[in-house]
Amino acid sequence: KEVKVRTGWADYVFDKDYSIQPLTMVESFINANHHLPNMPSAQKVQKEGVELGAITTLQQEKIEELFLHMIELEKRITELEKENQLLKTKK
């Protein structure tokens, strides 16, 4: 059988005013809290459980944030490759 949950979605991540945390801040949060920002901890989930719709939306939020980070990294890599090629041709 299939379960259908009607809930909000995480496309707000793509809004211009959405503030995505730099990966260094995410890393610091993970090191301090042992889970992702805006996600419940394992202990909280064990104790309280999770609402299927809410956790699905949060997981989608993290997926969309990852894509935004990957897009930004790809742009930086492309720029560095261009710069590297330019430096090689100046030899």
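1. Let us start with a residue worth finding on screen. His69 is buried, with a relative accessible area of 16%, and it belongs to helix H3. Since the cut-off for buried is under 20%, His69 falls on the buried side because its value is 16%. Please keep in mind throughout that this is a predicted model.

2. What does His69 touch, once neighbours within four places in sequence are left aside? The contacts are Ile20, Gln21, Pro22 and Leu23. Gln21 also takes part in a polar approach: its backbone oxygen lies 3.2 Å from a polar atom of the His69 side chain. If you colour these residues, you can follow how His69 of helix H3 meets this run of the chain.

3. Two of those partners deserve a look of their own. Ile20 is in the segment before H1, and with a relative accessible area of 28% this residue is partly exposed. Apart from neighbours within four places in sequence, Ile20 is in contact with Glu65, Leu68 and His69. Ile20 and Leu66 make a useful pair for a distance check: they are 46 residues apart in sequence, while their C-alpha atoms are 9.8 Å apart in space.

4. Leu23 is the other partner to visit. Leu23 sits in helix H1 and counts as partly exposed, at 44% relative accessibility. From Leu23 to Glu74 there are 51 residues along the chain, and the C-alpha atoms of the two are separated by 15 Å.

5. Next, please stay in helix H3, which covers residues 52–89, and go to Glu61. Is Glu61 buried or exposed? Glu61 is buried, with a relative accessible area of 3%. The side chain of Glu61 makes a polar contact of 3.2 Å with the side chain of Lys62. Not counting residues up to four places away in sequence, Glu61 touches Ala10, Tyr12, Val13, Tyr18 and Asn38.

6. Tyr12 and Tyr18, both touched by Glu61, bring us to the aromatic rings. How many aromatic pairs does a search of the whole structure find? The search finds one. Tyr12 and Tyr18 form this pair, with 5.9 Å from centre to centre and 50° between the planes, a tilted arrangement. Tyr12 is partly exposed at 30% relative accessibility, and Tyr18 is partly exposed as well, with a relative accessible area of 23%.

7. Asn38, another residue that Glu61 touches, is in the loop between H1 and H2. The backbone of Asn38 has a positive phi, near 70°, although the residue is not a glycine. Most residues other than glycine have a negative phi. His34 is a further case to inspect: its phi is positive, about 65°, and His34 is not a glycine either. His34 is found in the loop between helix H1 (23–33) and helix H2 (42–48). Its relative accessible area is 68%, so His34 is exposed.

8. Now for the largest pocket, which has a volume of about 210 Å³. Its lining comprises 14 residues, and those closest to the centre are Val26, Pro37, Lys62, Glu65 and His69. H1 and H3 are the elements that give two or more residues to this lining. Which element gives the most? H3 does, with five residues. By class, the lining has seven nonpolar, four polar and three charged residues. Some names will be familiar here: His69 is the buried residue from the opening point, and Lys62 is the polar-contact partner of Glu61.

9. Finally, a stop at Trp9, which is in the segment before H1. Trp9 is partly exposed, with a relative accessible area of 43%. Leaving aside neighbours within four places in sequence, Trp9 is in contact with Thr56, Thr57, Gln60 and Glu64. For a sense of how this segment runs, compare Trp9 with Pro22: the two are 13 residues apart along the chain, and their C-alpha atoms are separated by 22 Å. Pro22 is also one of the residues in contact with His69, which brings us back to where we began.

Technical notes
Residues are numbered from 1 along each chain as its sequence is written. This is a predicted model: local features need pLDDT of at least 70, side-chain atom pairs count only at pLDDT 80 or more; totals for chains, interfaces and linings use all residues. Side-chain values use heavy atoms; hydrogens and water are left out. Helices (H or I, at least four residues) and strands (E, at least two) are DSSP runs, numbered from the N terminus. Buried means under 20% relative accessible area, exposed over 50%, partly exposed in between (1.4 Å probe, protein chains only). A polar contact is a pair of N or O atoms within 3.5 Å; within protein, one must be able to donate a hydrogen and the other to accept it, and residues adjacent in sequence count only if both atoms are side-chain atoms. Contact means heavy atoms within 4.5 Å. On a 1 Å grid over the protein atoms alone, a cavity is a set of points where a 1.4 Å probe fits but cannot get out, and a pocket is an open set with protein on both sides within 12 Å along at least five of seven lines; lining residues have an atom within 4 Å of a point. Grid points are joined across faces, edges and corners, and a volume is the space filled by probe spheres set on the points. Ala, Val, Leu, Ile, Met, Phe, Trp, Tyr, Cys and Pro count as nonpolar, Asp, Glu, Lys and Arg as charged, and the others, Gly among them, as polar. Rings of Phe, Tyr and Trp (its six-membered ring) pair if their centres lie within 6.5 Å; planes under 30 degrees apart count as stacked, over 60 as edge-to-face and the rest as tilted.
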